[in-house]
Amino acid sequence: MGSSSRPEAMATAEQQIEHVHLPVRGLTLHVAQAGKGELGTVVFLHGFPEIWYSWRHQMLAVAAAGYRAVAPDWRGYGLSDQPPEPEAAAYDDLVEDLLAILDALAVPKAFLVGKDFGAMPAYSFALCHPNRTCGVMCLGIPFGVNSSSLNTLAEGFYILRWAQPGRAEADFGKYDIRRVVRTIYILFSRNEIPIAKEDQEIMDLADLSTPLPEWFSEEDLDVYSSLYEKSGFRYPLQMPYRSMHQNKPIGDAKFQVPVFVVMGEKDYVFKIPGIESVMKDGSMEKHAPDLKITYIPEGSHFVQEQFPEFVNELLLSFLKDHPMAV
């Protein structure tokens, strides 16, 4: 489906969601918004292969509860501009973009909700700008994980494959964008880490006979596909997959704001070396005095779309437990 189309799923969400394009640090970034914000602002930070639309259920829930929901497309994603040098992608740019978005929207302080690689700038922002942060909730990614543990996995591990310049481009290039997004969504929805055999590419791990997850419709896929048709994969492959080496160890940093980590127990990420141990060995508590961890037994990597009502309940409870002075 072409990028000029407006699928039904997007139309439904957009009845209550407005869109702005903000000048941010030399780029124009797209931001979806909903709600008036009497009780404060919640900023949603997507991962891959996602965009603002990944948060549609949560945006409407927090807006209905009296908050302002703000969901940007990261630079190089969705309806936001491509940076002039995608290969120079840096996590610091995402943190600076986030600060500039808050300034442009005149938001003095916000709750941050991050998912997948969007959790990394959420944690960094909360550490660097505690005076602009009310609290941080992240899905599927704890903090303090040593990325070198990824190297203990087989050569066919998707992150190692996609870190190789040109490898994913050649693999994705064999198919149309809708098929690529469909395959990645299916693979990332599973309980097993996506690992290809030596004679396989990652796109070979699912085909058109493999059904979409039951909670993800063809209309949802149309929305994702139309937005990746606009952005392509050049920047998304750089950020996060070819930028992970930039992640700095947390050291002795301490969060001055409440932190809430939610993990689906059937999220394949939970099986990546180093993830479960950091969730359970008490090391996160050393850095976050006000820490809450919740597990969702059947939760996948896309838990906010799979179980939206439950995630909305957790999120609204977190917001209410930490009222913002307004």
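This report describes the sheet of the structure, one of its inner strands, and the helices that pack around them.

The model is a predicted one, and its sheet is a convenient place to begin. Eight strands, taken in the order 1-2-4-3-5-6-7-8, form an open sheet whose pairing is mixed. Strand 1 (18-24) and strand 8 (291-296) are the edge strands, each of them pairing on one side only, and from one strand to the next the twist averages 20°. In general, the strands of a sheet pair through backbone hydrogen bonds, and they do so in either a parallel or an antiparallel sense. Both senses appear among the pairs listed below.

| Strand pair | Sense | Bridges | Residues opposite each other |
|---|---|---|---|
| Strand 1 and strand 2 (residues 27-34) | antiparallel | 7 bridges | Pro23 and Thr28 |
| Strand 3 and strand 4 (residues 68-72) | parallel | 3 bridges | Val43 and Val70 |
| Strand 3 and strand 5 (residues 110-115) | parallel | 5 bridges | Leu45 and Gly114 |

Strand 3 deserves a closer description. Which of its residues point one way, and which the other? Thr41, Val43 and Leu45 point to one side of strand 3, while Val42 and Phe44 point to the other, and all of these residues are buried. Because 5 of the 5 residues of strand 3 (residues 41-45) are buried, where buried means under 20% relative accessible area, the strand is largely enclosed by the rest of the structure. Strand 3 also takes part in a right-handed β-α-β unit, which it makes together with helix 2 (residues 56-64) and strand 4.

Other helices lie against the sheet. Helix 3 packs on it, touching strand 1, strand 2, strand 3, strand 4 and strand 5, and the direction of this helix makes about 115° with that of strand 1. Helix 4 (residues 119-128), for its part, lies across strand 3, strand 5, strand 6 (133-139) and strand 7 (259-264), and runs at about 155° to strand 6.

Helix 9 (residues 234-241) is mostly covered, since 7 of its 8 residues are buried. The buried residues of helix 9 are Tyr235, Pro236, Leu237, Gln238, Met239, Pro240 and Tyr241. Against which helices do the buried residues of helix 9 pack? Their partners are helix 3 (91-104), helix 5 (158-162), helix 6 (167-172), helix 7 (177-189) and helix 8 (218-231). Helix 3 therefore appears in both settings, for it touches strands of the sheet and is also packed against by buried residues of helix 9.

Technical notes
Residues numbered from 1 in each chain as written. Predicted model: local features only at pLDDT ≥ 70, side-chain atom pairs only at ≥ 80, totals over all residues. Heavy atoms only, no water. Buried < 20%, exposed > 50% of the residue type's maximum accessible area, 1.4 Å probe, protein only. Helix = DSSP H or I, 4+ residues; strand = E, 2+ residues; numbered from the N terminus. Contact = heavy atoms within 4.5 Å. Pairing = 2+ DSSP bridges. Right-handed = clockwise from strand over helix to strand, strands pointing away. Axes fitted to C-alpha atoms, helices over the stretch in contact; angles between N-to-C directions.
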